[in-house]
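The following report describes a protein chain through its helices, their packing and selected residues. Please consult the sequence and the structure shown here while reading.

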Amino acid sequence: MTDSVSQPSEDELCWARLTDKQRACLDLVLEHQTSKQIARRLDISKQAVDLRLTTARDILGADSRAEAAVRYARLKRTYDRIPWDPIILPAPARLMPSDFPDGEPTALALNDHASLAKHPNAVDPPFKGLWRRDHARSSKVWIMAAMFAGLILLTLAGVTIGETLTRLISG
């Protein structure tokens, strides 16, 4: 009394005997690659490719490289399936009440200052619009001059503080 379920089939045994390296070579044979091309892709010698393919051909009981590839493709469809988990979908989206005018939060998400100004509780951002790129040339000059003046004042303050500290320590 033999149980066919407990005994692996001949095809299953062949599949189990094939190594990952032999399978990699057979996959490339299925892409119509030559041994030399396979060797380049796998970064091994041509002789190693031929040896792997010959061993795989013997395992599969094939007479030629092409026949081995066909048998391998048939076994691959059967035994090389990716196990899967059932797909768990999230709950469908629900509409939520909105405190935004017209129900549109896009002005906040896009940082659109013109749309924010319409909001009753809107607060102007600091240095409103200073870093925009579409300033007129004269505005850019004034902004740069103000930055330069601020840098000079900061440098003078630092030098003055340093000189005062030096006098206190030495004196």
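## Contacts of Q22 and the setting of helix 2

Leaving aside neighbours within four places in sequence, Q22 is in contact with R17, R52, T55, A56 and I59, where contact means heavy atoms within 4.5 Å. This is a predicted model, in which local features need pLDDT of at least 70 and side-chain atom pairs count only at pLDDT 80 or more, while totals for chains, interfaces and linings use all residues. Residues are numbered from 1 along each chain as its sequence is written, and side-chain values use heavy atoms, with hydrogens and water left out.

Q22 is found in helix 2; helices (H or I, at least four residues) and strands (E, at least two) are DSSP runs, numbered from the N terminus. At 7% relative accessibility, Q22 counts as buried. Buried means under 20% relative accessible area, exposed means over 50%, and partly exposed lies in between (1.4 Å probe, protein chains only).

R23 is also found in helix 2. With a relative accessible area of 16%, R23 is buried. Not counting residues up to four places away in sequence, R23 touches W15, A16, L18 and Y72.

Which residues of helix 2 are buried? They are Q22, R23, C25, L26, L28 and V29. The cover over these buried residues includes helix 1, helix 3, helix 4 (46-60) and helix 5.

## The chain as a whole

The protein chain has 8 helices and 0 strands, and its pattern along the sequence reads α-α-α-α-α-α-α-α. Of its 171 residues, 16% are buried. Among contacts between residues at least 6 apart in sequence, 48% join residues at least 24 apart.

## Two helix packings

Helix 2 (residues 20-30) packs against helix 3 (residues 35-42) at an angle of about 130°, and their axes are 10 Å apart. Axes are lines fitted to C-alpha atoms, for helices over the stretch in contact, and angles run from 0 to 180 degrees between N-to-C directions. Helix 2 and helix 3 are therefore oblique to each other. In this scheme, angles under 35 degrees count as roughly parallel, over 145 as roughly antiparallel, 65 to 115 as roughly perpendicular and the rest as oblique.

Helix 2 passes helix 3 in a right-handed crossing; a crossing is right-handed if the near helix is turned clockwise from the far one by less than a right angle, and left-handed if anticlockwise. On the side of helix 2 the contact is made by A24, C25, L28 and V29, and on the side of helix 3 by I38, R41 and L42. By class, the residues of this contact divide into 6 nonpolar, no polar and 1 charged. Ala, Val, Leu, Ile, Met, Phe, Trp, Tyr, Cys and Pro count as nonpolar, Asp, Glu, Lys and Arg as charged, and the others, Gly among them, as polar.

The axes of helix 1 (residues 10-17) and helix 5 (residues 65-79) come within 10 Å and cross at roughly 95°. Helix 1 and helix 5 are therefore roughly perpendicular to each other. Helix 1 contributes D11, E12, C14 and W15 to the contact, and helix 5 contributes Y72, R74, L75, K76 and Y79. The contact of helix 1 with helix 5 comprises 5 nonpolar, no polar and 4 charged residues.

## Loop residues

Most residues other than glycine have a negative phi. Two loop residues with a positive phi are listed below.

| Residue | Location | Phi | Relative accessible area |
|---|---|---|---|
| H32 | loop between helix 2 and helix 3 | positive, about 65° | 72%, exposed |
| D43 | loop between helix 3 and helix 4 | positive, near 60° | 71%, exposed |

H32 comes just after helix 2, and H32 is not a glycine. D43 is likewise a residue other than glycine.

S45 has its place in the loop between helix 3 and helix 4. Is S45 buried or partly exposed? With a relative accessible area of 36%, S45 is partly exposed. The C-alpha atoms of S45 and S35 are separated by 9.0 Å, and the two residues are 10 residues apart along the chain. A polar atom of the S45 side chain lies 3.1 Å from the backbone nitrogen of A48.

Notes:
Polar contact = N/O pair within 3.5 Å; in protein donor to acceptor, adjacent residues only side chain to side chain.
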